[in-house]
Amino acid sequence: MISGIFARARSLWRGVSRRSDVDAEMEEEFRAHIELRTADLIRTGLAPDAAARQARIEFGRPERFKAEGGASRGLRRFDELGVSWLDFKLGFRMLVRYPGLTLVGGLAVAFAIWVGAGTFEFLGQVMNPRIPLAEGDRIVAIEVTSATDGRQTPRILHDYVDWRANLRSVTELGAYRSVERNLILESAHAEPADLAEVTASAFQIARVQPLFGRAIVADDESPASPPVLVLGWELWQRRFGGDPNVLGRTVQVGITPATIVGVMPQGFRFPISYEAWAPLRLNVLEYERGQGPAISVIGRLAPNATLDEAQTELTNLGRRAALDFPATHEHLRPRVMPLAKSWLDLSTGEALSLWSINLFIIMLLALVCSNVALLMFARAATRESEIAVRNAIGASRTRIVTQLFAEALVLGAVGASLGLAAAGFGLRWGLGIAATQFMDGAPLPFWFRSTLSPSTVLYVGMLAVLAAIIAGVLPALKVTRGIGTQLRQASAGGGGLRFGGVWTAVIVTQVALTVALPSTAFQLRKDANRIRTLDVGFPTQQYLSLRLEMDRDASSATSGDTSRAAFLALFAERKQEFERRLTNDPAVVDVTLAGRLPRMYHQWNQIEVDEGAVEPLDERGHRVSSTSVAEDYFEVLRTPLLSGRGFNSGDLSSGARVVLVNKPFVDDVLGGRNPIGRRIRYIANEDDRRPRDDGPWYEIVGVARDIGMTSGYGRAGIYHPMVPTEAYPVYLAVHVQGDPNAFEPQLRATAGEVDPTLRINELMPLDEVTGGEMKFYSFWFRLTLLISSIALLLSLAGIYAVMAFTVARRTREIGIRVALGASKRRVLASIFRRPLMQVGLGVLAGTFVTGLLAYGINRMEVSPRGAAMVAAYAVLMLAVCLLACIVPTTRALAVEPTEALRADG
Amino acid sequence: MSDQAAILPGTLDLLILKAVSLGRLHGYGVLLRIGQISAGALEIQQGALYPALYRLEHQGLISSEWGTSDNNRKAKYYRLTAAGRRRLGEETASWNRLVDAIALALSATPQEVG
């Protein structure tokens with residue numbers, strides 16, 4: 001039994017894989033038979049010629065036995081399915097012969113595959129990151145979480161020392177921490193850099209050699225050694241212009257001068273995303289258990305050790321620590337995980353919901369391909385006679401479907417190649433958006449790359465086959481249904497094919513999309529424009545905006561006090577000095593400070609008012625922005641108050657609790673009533689969504705104009721007085737005379753003079769602060785526009801194909817009707833009825849969806865202008881779609897009755 | 001009418017297995033051997049032999065290899081496999097039962113039925 005199955009499989013495999021060999025062997029065997037028989041016949045006395053003829057007659061027709069032989073080997077099915085080169089050649093010929101279909105179908109498939117490949121690759125990199133280092137999958141991170149609140153505990157210096165001494169299944173343990181420091185060169189201004197302080201062991205885990213110079217070594221960790229710095233390639237290029245003599249140069253890293261000892265190769269940003277590395281100098285004796293700086297611990301799994309073994313060993317060490325030091329360690333649970341997981345640890349549910357995005361992409365592909373299927377169907381239908389004839393002379397239905405599949409596969413392959421070629425570009429775009437959206441503009445970890453993995457290429461191959469099945473096999477099955485009876489009909493001149501309800505549904509969906517998507521896109525555009533062009537009532541282009549920060553160790557270095565209060569006090573002092581020097585600069589008109597500047601994104605807060613508030617629009621209550629501002633804020637921004645008073649120094653005392661509100665607050669929350677003297681308090685905010693009702697009340701003392709506070713929930717906002725020793729970090733608005741950009745170097749230099757540890761981030765003219773948001777909006781705007789154009793193109797092509805098909809089908813009928821005296825109007829009406837209905841339905845559905853999105857979900861007010869725009873767009877769509885009907889219709893009406901009677905359908 | 005009998009459908013496989021069981025043979029040899037062991041009583045269309053050979057090989061009942069014939073002609077030789085030998089035994093037994101049963105049925109006389 002088993003041997004039988006095995007023999008069959010082997011013989012089948014041989015037959016399929018070496019078909020021509022098998023055929024040649026059969027022919028050779030038949031020849032041998034006939035020759036042997038001839039020789040025997042000659043021996044019986046026949047003349048050689050006669051003997052050979054006799055032998056051939058006795059043998060029978062070799063071709064027949066060859067075919068039967070193939071069937072004996074179970075090869076018949078393969079003969080029927082067998083996709084030959086000819087099919088593909090035919091497929092290519094079809095691409096050239098029908099350039100319209102090739103262009104539309106190819107572009108559509110390419111687009112769907114482009115989106116699919118990019119999404120699959122990105123999700124793959126997020127969920128199954130591959131660390132592009134030698135044995136990168138064995139690099140692990142060790143974290144400690146508290147069992148009581150599930151939070152990570154980063155002060156694990158003592159544990160790190162324990163693990164280094166005792167952990168066997170993880171070797172090469174090292175520690176690092178992120179620090180942002182100003183990098184100050186002798187000849188240039190200060191600029192912050194993303195720095196990692198690493199132990200030599202942590203640095204060596206990557207097993208990457210420096211481009212030149214040396215890496216961080218163990219000696220560097222000693223406080224007695226001179227401070228050193230290793231540069232990343234990108235930073236070396238940006239700040240040092242790729243200077244080959246950079247080794248030995250001294251730069252100021254915050255308050256510390258350090259010597260550059262090495263440059264790492266391009267792309268090296270280990271362990272996460274750093275630009276330069278300094279030694280991590282930790283003296284464990286200086287700190288109590290559970291104290292000390294926040295560090296991250298990484299290592300490599302020992303040879304042959306598994307992650308589970310490492311976890312078991314670590315858990316045991318954790319238990320021992322809990323026994324030895326119950327006060328600090330009883331609730332702590334150490335955990336080992338792959339390096340990438342320490343950056344992003346997705347729960348199974350989150351991972352699943354992320355993966356499901358791929359399903360949506362496949363649905364998009366299916367939708368796109370069902371359109372291409374429509375076109376392919378129309379084309380196949382024009383070849384109906386050809387197909388019927390082929391069937392009559394022996395091609396089976398399977399054979400014909402296979403050939404149409406091959407044709408679609410050629411189209412799919414062209415689309416897939418285009419999509420793949422563009423995928424890298426799309427991925428870069430997506431990674432950039434991801435960085436600005438989720439990382440506040442910080443770069444993604446080094447293991448994200450904009451190249452495609454082999455599994456993505458494989459996935460694209462599968463998508464292409466799926467596309468070919470939908471776009472090729474489905475229409476082929478429909479066209480060849482009841483193929484035996486078609487030959488009769490085709491020759492009699494009346495086609496048996498009709499476009500059914502499915503095609504109608506596809507076209508209606510399509511048209512609906514082309515209506516709904518651009519409306520959504522333009523809504524996005526409108527939002528973006530509103531943010532960008534928001535008239536804040538003062539000349540923002542004359543102001544420079546910047547975020548001011550300071551190195552955390554600055555205060556401990558000057559006074560030895562490591563407390564946060566000491567740090568904030570020093571920061572307040574430096575900030576004031578910086579402000580003073582700027583104000584004295586002749587190029588500066590004025591300077592002011594705030595927690596957030598106009599037009600920046602503000603966090604939302606849910607508030608309540610003691611009395612006089614209008615009913616909120618929905619259960620989300622009154623959500624408003626809030627920020628703190630300096631006393632002179634409105635004065636510097638040339639924005640006089642509308643009523644009430646501004647802040648004064650008395651408001652800074654802790655019992656004062658006064659706020660200003662803006663005009664939208666008065667309109668939206670208080671319905672235009674006088675706000676002065678009313679009180680508000682906070683009940684929830686963006687970070688802490690749990691409502692609370694014990695917050696302090698604040699009295700409203702004044703009203704400011706709307707200068708652009710936005711939180712995503714309207715423009716109402718509240719201003720608090722800024723307490724200098726509490727605000728960190730702060731934004732500065734510097735009113736500059738002349739071009740703000742030209743003042744940047746001077747501004748950085750001033751900051752450096754005040755204190756080298758003062759860091760300046762997000763330095764840009766105030767009218768550009770919405771750049772990140774703009775990028776996001778423009779991404780979605782472009783993507784929606786692209787999808788809409790593809791949908792529009794497809795529906796036009798689809799409607800054209802269906803019309804052309806229908807008219808061609810009915811040429812005979814139309815001719816006869818015209819000949820019998822039917823008016824052109826009636827003929828036209830009968831042709832137009834169906835596409836008109838489809839387009840009309842689609843436009844209605846699209847308008848409905850748009851309305852639902854805009855007014856139902858986003859709670860926009862129904863504006864006559866918006867409604868008129870949607871209506872105008874719907875009419876435009878209707879007109880454009882009808883345009884697609886014109887060519888086939890004029891063709892039909894021009895038909896001469898005699899010609900129509902000759903037409904064979 | 002010829003004195004040769006057309007073979008019953010389905011019996012060609014059995015004949016081939018039997019012929020090959022007596023020694024390694026090429027296709028033409030199988031034909032000669034069947035003629036020889038049936039004393040020329042069975043008529044087989046020569047070409048039809050090959051699809052049957054391939055079928056048996058596909059089922060793993062016989063195996064093949066290329067060799068040289070007596071007059072130095074390259075030819076493909078077939079031999080019985082272990083599975084083929086088992087099948088031949090089963091088929092022979094079942095054939096004999098059938099023949100006995102048919103013979104018995106055909107030899108029935110009116111007396112026996114009566």
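The following dialogue examines a predicted model with chains A and B.

Trainee: On what basis are the residues and chains labelled, and what limits apply to the predicted model?
Mentor: Residues are numbered from 1 along each chain as its sequence is written, while chains are lettered from A and ligands numbered from 1 in the order in which they are written. In this predicted model, local features need pLDDT of at least 70, side-chain atom pairs count only at pLDDT 80 or more, and totals for chains, interfaces and linings use all residues.

Trainee: Which strand gives the most to the largest nonpolar core?
Mentor: A nonpolar core is a set of buried Ala, Val, Leu, Ile, Met, Phe, Trp, Tyr and Cys residues joined through C-beta atoms within 7 Å. A residue is buried if 20 or more other C-beta atoms lie within 10 Å of its own, exposed if 12 or fewer, and partly exposed in between, with C-beta atoms placed from the backbone. The largest core has 116 residues, and A:Val140, A:Leu229 and A:Val734 have the most contacts inside it. The strand that gives the most to this core, with 6 residues, is β20 (residues 730-736) of chain A.

Trainee: Is β20(A) largely enclosed or in the open?
Mentor: Helices (H or I, at least four residues) and strands (E, at least two) are DSSP runs, numbered from the N terminus. A:Val730, A:Leu732, A:Val734 and A:Val736 point one way from β20(A), A:Tyr731, A:Ala733 and A:His735 point the other way, and all are buried. Because 7 of the 7 residues of β20(A) are buried, the rest of the structure leaves this strand largely enclosed.

Trainee: Which residue is the bridge partner of A:Asp590 in β20(A)?
Mentor: Two strands pair if DSSP finds at least two bridges between them. Strand β11 (residues 543-550) of chain A pairs with β20(A) in the antiparallel sense over 6 bridges, and there A:Arg547 has A:Tyr731 as its partner. Strand β12 (residues 588-594) of chain A is also joined to β20(A) by 6 bridges and runs antiparallel to it. In that pairing, the partner of A:Asp590 is A:His735.

Trainee: Does A:Leu458 count as buried or exposed?
Mentor: A:Leu458 is placed in helix α17 (residues 454-479) of chain A. Its C-alpha atom is separated by 9.8 Å from that of A:Ala117, 341 residues apart along the chain. Since A:Leu458 has 11 C-beta neighbours inside 10 Å, the residue counts as exposed.

Trainee: How many Å apart are the end C-alpha atoms of helix α4 (residues 82-106) of chain B?
Mentor: Of the 25 residues of α4(B), the number buried is 2, so this helix lies largely in the open. The expected span of a helix is 1.5 Å times one less than its number of residues. For the 25 residues of α4(B) the expected span is therefore 36 Å, and in agreement the end C-alpha atoms are apart by 36 Å.

Trainee: Which element gives the most to the side of chain B that touches chain A?
Mentor: Two residues are in contact if their C-beta atoms, placed from the backbone, lie within 7 Å. The contact takes 22 residues from chain B and 23 residues from chain A. On the side of chain B, α2 (27-37), α3 (49-58) and β5 (74-80) are the elements that give two or more residues. The one that gives the most, with 6 residues, is α3(B).

Trainee: Which residue in β5(B) stands opposite B:His26?
Mentor: In chain B, 3 strands form an open sheet in the order β2-β5-β4, with antiparallel pairing. The edge strands, each pairing on one side only, are β2 (25-26) and β4 (62-68). Between β2(B) and β5(B) there are 2 bridges. Opposite B:His26 stands B:Tyr77.
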